[in-house]
Amino acid sequence: MDSTHGLTSRQRNGFAAAILAVFVYLLLRNSGVYPMVFADEWYYSQAARLQPLAKSTLPSYLYLALFGHTSQCGTGFLDCARILNALLFVAAAPFLYLLARRVCGALPAAALAVLCLLAPINSYTVYFMPEAMYFFGFCVLSWAALAWRSWPPLAYGAALGFVLGVLAVVKVHALFLLPAVLAFMVFVSWGPGGLLRFARMAPALLVVALATKAALGYMLAGPEGMQLLGSFYGDHANQSKGNASIMRLLEPALGSLRGHLMALALLYGLPLAAIAAQLAGRQARQQGGAELRALQVWSVLALGAALGVTVLFTASIAKFGESEAWRLHMRYYNFVFPLLWIAALAPLQPRPCPTMGSGPMGHGRGSSVLRVVVAGLMLGGVLYAWHALQPRYLTSFVDSPELQVVLENPLVLPWAVLAQALLLVVWAWRPRWGAVLLLCVALPVWAWQSDRVSRMLLERARTPDAYDRGGLLVQKMLSREEAGKVVVAGDGAGLLRALFHIDAPGASFVELQPGAPLALNEIPARDGWFLVVGQHVLPAGADVAVKADGFALLRTTGLAGSLGRVEFREPLAGGVLAAVEGLAPSESWGAWSDGAQVTLTFAQPLPRAARIVINANAFGPNLDADFTLVAGGSRTSFRLPPKPTDRVFDFETDGTVRTVVIQVPKPTAPADIGQGGDTRKLGLALNRLELAAR
């Protein structure tokens, strides 16, 4: 493309002004919105701001290091994160322009870059998550892959490796683009001497990418930062590898792939048809030129790699519930979508909306027939998606914002189908007219609808719920040190919403049964605070500091007169306990119960006024059942969540009682419920016990 066809000075100023306007608009639109995505926003905020990077289970060290500076904004850290998000997001516009400029005119390229900023993906600027930064990084990677491909093989491989390595320290998902980059290098190297060129490029890419990721990780987080996937994704990968066979993954993977293909046809029918026709037809490939062919190949490879990983991820978590198997996680590859639009605009001449007529590309009998065939097949896919996508597949504005823009209102979907059909018919007849209709009508309407739905959904998030109000009260009422001693009790993702607002290291949460009365033994035995959220009747004797609509803040006190502590991961003989029955052998974390009851015999008689604190969690069917603790003539029922939690028991004895019994309601072998081959009758996991006199 001749450089003289670039933007004039006035046009460049207009382009810059449009980018600035989008930036300002995003700041205004995102203001006043409460956090929305949990547990993600809490994990990223905690890792960036409340703990050393070395302790982060998420290997996004570059993102965490940058967004950790939002702590300088005090309680306004979320607003500062949104400013950074918006800045990084709009910074992608020049690279989108440069990418589009390689295959179409300057004004269409500038217009498309701005329209991409107005697409549903801009919704990620409102979250404390790395998606906006990753979008910027992928645009840089795409530009580098296309613009530098004439470089010497070693330099090209090393340069792409460096960019990819940096991107992998923003989100580790960048490593899953390696197959796409390597395949693109095969394409770039194709021809005489290509094998030698690829043999130089590929090792340089791999070595520099991994070295860059490891070096940045080490600089930011020390030795822990050199892990390839980090503990969070590494553990998930190991569990998936150990628990799922290929045949077990095949069915959910195919089901997920079907949903994603339908969604892509419904939303991006014209760009996909244009790419397919260009790559499949020899005449079209010749007329399109090397730049367009390279862009199309890169787009298909990047989309394929990211989509493949998404499908496998969905299949790997299908075992956690039917809903997980049918979620469409388009956010794991929607950063590729602008490339599809760019590929569809190739027929445009260097002017924003060229006069409709025949263009230089895609003409001739063979090309016309191929376009009609491809358009017909894609139209069939669009109509099938209209029929079959809902209600089986689950979408949300976080998982798949592009699809949610269409599905949020049932009246919009038929119009979207009609628009896609019209675009395909016009493109099959005249590619240039199809590109004009796409740029000048379809994309502006798409941006308008996206903005309308985004504002509607964000408006709902401007109303605080009880978890927001409770967390904000704690933040304002307590010092940071005191806030770190808060335990939040409730149910669901709201627990992390409250912790997000409390914003103090050390704050934690426990789960309660929805609407169930709060038992006295569920109040932590520690000096601090207990924030109870939801409609829970408080027990008599609770020290209530604040009672408000939907939540209560209680003071808690620790153990006085401690008589000993038992760690069930350690040998039990010769300590507080003289004997134990009903426990499996100790493990690194503690010990499982094995049978209908656990009998704990203490070395000394229990105090007449005794308090026992047990840290434990329930297994399987016991999650919704009552355990019973028996000490002398006292019997107390209690329930346990799936994560380790303290339970406090106060009782009176005659001074001779040495035995405490925990009765297990539903001892169950994992083998009996399809969770491996363990035949022990498990009920609860005992981690720790502490004995005190009241």
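C73 is partly exposed in this predicted model, with a relative accessible area of 33%. I begin with that residue because C73 is joined to C80 by a disulfide, the sulfur atoms lying 1.9 Å apart, and a bond is counted when two cysteine sulfurs are within 2.5 Å. The structure holds 1 disulfide. As for its handedness, the torsion about the S-S bond of C73 and C80 is about -100 degrees, so the disulfide is left-handed.

Two further cysteines deserve a word. Why is C104 not bonded to C116? The closest cysteine sulfur to that of C104 is the one in C116, and at 11 Å it is too far for a bond. C104 is buried, with a relative accessible area of 1%. C139 is likewise in no disulfide; its nearest cysteine sulfur, again that of C116, is 8.0 Å away. C139 is also buried, at a relative accessible area of 3%.

I turn now to the aromatic residues. A search of the whole structure finds 30 aromatic pairs. Consider Y44 and Y63: their ring centres are 5.6 Å apart and their planes stand at 85 degrees, so this pair is edge-to-face, the class for angles over 60 degrees. Y44 belongs to helix 2, residues 40-49, and Y63 to helix 3, residues 61-67, so that the pair links distant parts of the chain, 19 residues apart. Both Y44 and Y63 are buried.

A second example is the pair of F95 and W143, which is edge-to-face as well, with 5.7 Å from centre to centre and 70 degrees between the planes. Here F95 sits in helix 5, residues 93-101, and W143 in helix 7, residues 131-147; the two are 48 residues apart, and again distant parts of the chain are linked. W143 is partly exposed, with a relative accessible area of 22%. Beyond single pairs, ring pairs link F38, Y44, Y63, F67, F77, F128 and F500 into a cluster.

Two names from the aromatic cluster lead us onward: F128, to the nonpolar core, and F500, to helix 22. Which residues of the largest nonpolar core touch the most other members? Of its 182 residues, they are F128, W298, I502 and L531. The largest share of this core, 13 residues, is contributed by helix 12, residues 246-280. A second, separate core comprises 29 residues, among them L577, V598, F651 and L689. As general background, nonpolar side chains in soluble globular proteins tend to be buried together.

For W298, the contacts can be named individually. With neighbours within four places in sequence set aside, W298 is in contact with F138, L141, S142, A145, L146, A180, V181, F184 and L339.

I502 brings us to helix 22, which spans residues 494-502. Is this helix enclosed or open to the outside? Of its 9 residues, 9 are buried, so helix 22 is largely enclosed by the rest of the structure. The buried residues include R497 and H501, alongside L495, L496, L499 and F500. Immediately after the helix, D503 adopts a positive phi of about 55 degrees.

Helix 22 also has a place between two strands. Strand 1, residues 486-490, and strand 2, residues 508-511, pair in the parallel sense over 4 bridges. In this pairing, V487 has S508 of strand 2 as its bridge partner. The chain passes from strand 1 through helix 22 to strand 2, and this β-α-β crossover is right-handed.

Strand 1 has another partner in strand 3, with which it pairs in the parallel sense over 4 bridges. The bridge partner of A489 in strand 3 is V532. Strand 3, residues 528-533, is mostly covered, 6 of its 6 residues being buried. On to strand 5, residues 551-556: this strand runs antiparallel to strand 3, and 6 bridges join the two. V532 appears once more here, since its bridge partner in strand 5 is A552.

I close with a loop residue. Where does A346 lie? A346 is found in the loop between helix 15, residues 337-344, and helix 16, residues 365-388. Despite its loop position, A346 is buried, with a relative accessible area of 7%. From A346 to G161 the separation is 185 residues in sequence and 29 Å in space, C-alpha to C-alpha.

Technical notes: Residues numbered from 1 in each chain as written. Predicted model: local features only at pLDDT ≥ 70, side-chain atom pairs only at ≥ 80, totals over all residues. Heavy atoms only, no water. Buried < 20%, exposed > 50% of the residue type's maximum accessible area, 1.4 Å probe, protein only. Core = buried A, V, L, I, M, F, W, Y, C linked by side-chain atoms within 4.5 Å. Contact = heavy atoms within 4.5 Å. Pairing = 2+ DSSP bridges. Right-handed = clockwise from strand over helix to strand, strands pointing away. Phe/Tyr/Trp six-rings, centres within 6.5 Å; stacked < 30°, edge-to-face > 60°.
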